[in-house]
Amino acid sequence: MKDRSAYIIGAAKTEDGVGSLKQVLLLESKLLAKGIKPQQLIIDPLQVDWHSPEAKYHFRSGCAPIEALAKAKQLIENGSPAVIIAGEDHIKTAYNRAQRLEKMAVYGQEYPLTQAYTDLARTFSENNGISAQQFKSIANALFENYITSYKKTMAEQFHPELLPESRWYNSITELFRGVDCANPMVDFSGKLILTSADIAEQLDVDKSQWVKVSAVGLGRIEGDGAHYIDEIARYQHLHQAYHQACNQAKIDFAHLFKNGEALLEAYTCYPVVPMAFLLVSGLVDTLDEMSSFLAKHTITLTGGMNLARAAWNNPALNALIVMHQRLTNEKESVGLVHGNGGLGYRQGVAIIERVT
């Protein structure tokens, strides 16, 4: 029986001119030489109007890369030979400060993202019976967790100057410091190439580089922004996405992760998002357990969006690329990447596995 599963066979990125897309471009040229034109799925950059309709095969929001992965999986299972997911955004050099601020004000100038996430965090805290001080304590534990991952990822390249300046540790709202929020000031370009098994074999890609897209779970509520905070803060749609992915992949991710057999990249734009993920995934049962859990388990590979940085809609694409690289080089065979769209109205969970 023909294997119609989707496999990531190439993953590459550049950040601020560091890195190379050569590996993926070479695979793409091999496909074209065989008369195969991959379907392109595009992660929209900041310059695309947030409120405009999404064009076909274009994806927008922090959940976009997970939604694109779901589409790529579907296309390959339905007979497409190859798909490329591409995201590029030169946040640092393509916009001046005024342009960035204008484009990022997706809820209007009078309702900044920092206020929106503060309102969401307050509602989430009330739902879960924790005080503002407890929330801030967990936020601090999360950031310390990201530092642990970041140091490990950077290895010999790490030096303290890479960490945020002292001013970023100051409060910017009643619940957040600057370090608790994602900083997207980076020029990023990334690509994933996915094929069916027979095409991967035709391209002579060593099986050690195949990573199977085992499952993608998606959850979405009707709308985003201030009017939907009560619904977003319940995170039932994240619960749905997570369990859909685990059921599809036929794994107990929480069990594997706690046993050191799986890797995780939680979405870390603001503390409330990874807090919600850890709760709905069953990695912790209550928020009271979170700080002790975070002292034992790193929940990102990269250091999260806060340290590894991210280009607008591309953090989960960056995470998928890093996850592919880790799964093909480390002992773990399973990885989960979480995506959060807008204030949280879109949720996505991807589970990928090394071919053994």
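**The chain end, the core and the cysteines**

Biologist: Starting at Thr 356, where does that residue lie?

Modeller: Thr 356 lies in the segment after β10, the strand that covers residues 346-354. This is a predicted model, so keep that in mind for everything below.

Biologist: Is Thr 356 buried or exposed?

Modeller: Thr 356 is exposed, because its relative accessible area is 85% and the cut-off for exposed is over 50%.

Biologist: And how far apart in space are Thr 356 and Lys 207?

Modeller: Their C-alpha atoms are 8.1 Å apart, although Thr 356 and Lys 207 are separated by 149 residues in sequence.

Biologist: Let's step back. How many helices and strands does the protein chain have?

Modeller: The protein chain has 13 helices and 10 strands. Its C-alpha trace spans about 60 × 45 × 45 Å along the principal axes.

Biologist: What does the radius of gyration say about a compact globule?

Modeller: The value for the protein chain is 19 Å. A compact globule with 356 residues would come out near 21 Å, so the two agree.

Biologist: What share of the residues count as buried?

Modeller: Of the 356 residues, 56% count as buried. The accessible surface comes to about 15300 Å², and carbon and sulfur atoms account for 49% of that surface.

Biologist: What about contacts between residues at least 24 apart?

Modeller: Take the contacts between residues at least 6 apart in sequence: 76% of those join residues at least 24 apart.

Biologist: Charges next. How many positive and negative side chains are there?

Modeller: There are 34 positive and 39 negative side chains in the protein chain. The centre of one set lies 5 Å from the centre of the other.

Biologist: Pick a buried residue in a strand. Where does Ile 193 lie?

Modeller: Ile 193 lies in β6, which runs over residues 187-195. Its relative accessibility is 0%, so Ile 193 counts as buried.

Biologist: Which residues does Ile 193 touch?

Modeller: Leaving out residues up to four places away in sequence, Ile 193 touches Tyr 7, Ile 8, Ile 9, Gly 10, Val 24, Leu 27, Glu 28, Leu 31, Val 83 and Ile 84.

Biologist: And by how much are the C-alpha atoms of Ile 193 and Cys 63 separated?

Modeller: By 18 Å, with their positions 130 residues apart along the chain.

Biologist: Same sort of check for Thr 14. Which strand is it in?

Modeller: Thr 14 is in β1, residues 7-15. At 17% relative accessibility Thr 14 counts as buried, because the cut-off for buried is under 20%. Beyond its neighbours within four places in sequence, Thr 14 is in contact with Gly 19, Ser 20, Leu 21, Asp 187, Phe 188 and Ser 189.

Biologist: What about a helix? How many residues of α10 are buried?

Modeller: Nine of its nine residues are buried, and α10 covers residues 272-280. Among them are Val 272, Pro 274, Met 275 and Phe 277. Just after α10 comes Gly 282, with a positive phi of about 80°.

Biologist: Which residue has a positive phi of about 100° although it is not a glycine?

Modeller: That is Ser 61. Ser 61 sits in the loop between β4 (58-59) and α2 (64-77). With 1% relative accessibility, Ser 61 counts as buried.

Biologist: And which one has a positive phi of about 55°?

Modeller: Tyr 235, again not a glycine. Tyr 235 is in the loop between α7 (229-232) and α8 (236-249), and is buried at a relative accessible area of 1%.

Biologist: Loops can be less covered, I suppose. Is Gly 79 buried or partly exposed?

Modeller: Gly 79 counts as partly exposed, at 43% relative accessibility. Gly 79 is in the loop between α2 and β5 (82-90). The C-alpha atoms of Gly 79 and Gly 19 are separated by 32 Å, and the two residues are 60 apart along the chain.

Biologist: Last topic. How many disulfides does a search of the whole structure find?

Modeller: Zero.

Biologist: Why is there no bond from the sulfur of Cys 181 to Cys 269?

Modeller: The closest cysteine sulfur to that of Cys 181 is in Cys 269, but the distance is 8.9 Å, so they are too far apart for a bond. A disulfide needs the sulfur atoms within 2.5 Å.

Biologist: Are those two cysteines buried or exposed?

Modeller: Cys 181 is buried, with a relative accessible area of 9%. Cys 269 counts as buried too, at 6% relative accessibility.

Conventions: Residues numbered from 1 in each chain as written. Predicted model: local features only at pLDDT ≥ 70, side-chain atom pairs only at ≥ 80, totals over all residues. Heavy atoms only, no water. Helix = DSSP H or I, 4+ residues; strand = E, 2+ residues; numbered from the N terminus. Rg over C-alpha atoms; globule rule 2.2 N^0.38 Å. Buried < 20%, exposed > 50% of the residue type's maximum accessible area, 1.4 Å probe, protein only. Contact = heavy atoms within 4.5 Å. Areas by Shrake-Rupley, 256 points an atom, 1.4 Å probe, with all protein chains shown as cover. Lys, Arg positive; Asp, Glu negative; His and termini not counted. Charge placed at Lys NZ, Arg CZ, Asp CG, Glu CD.
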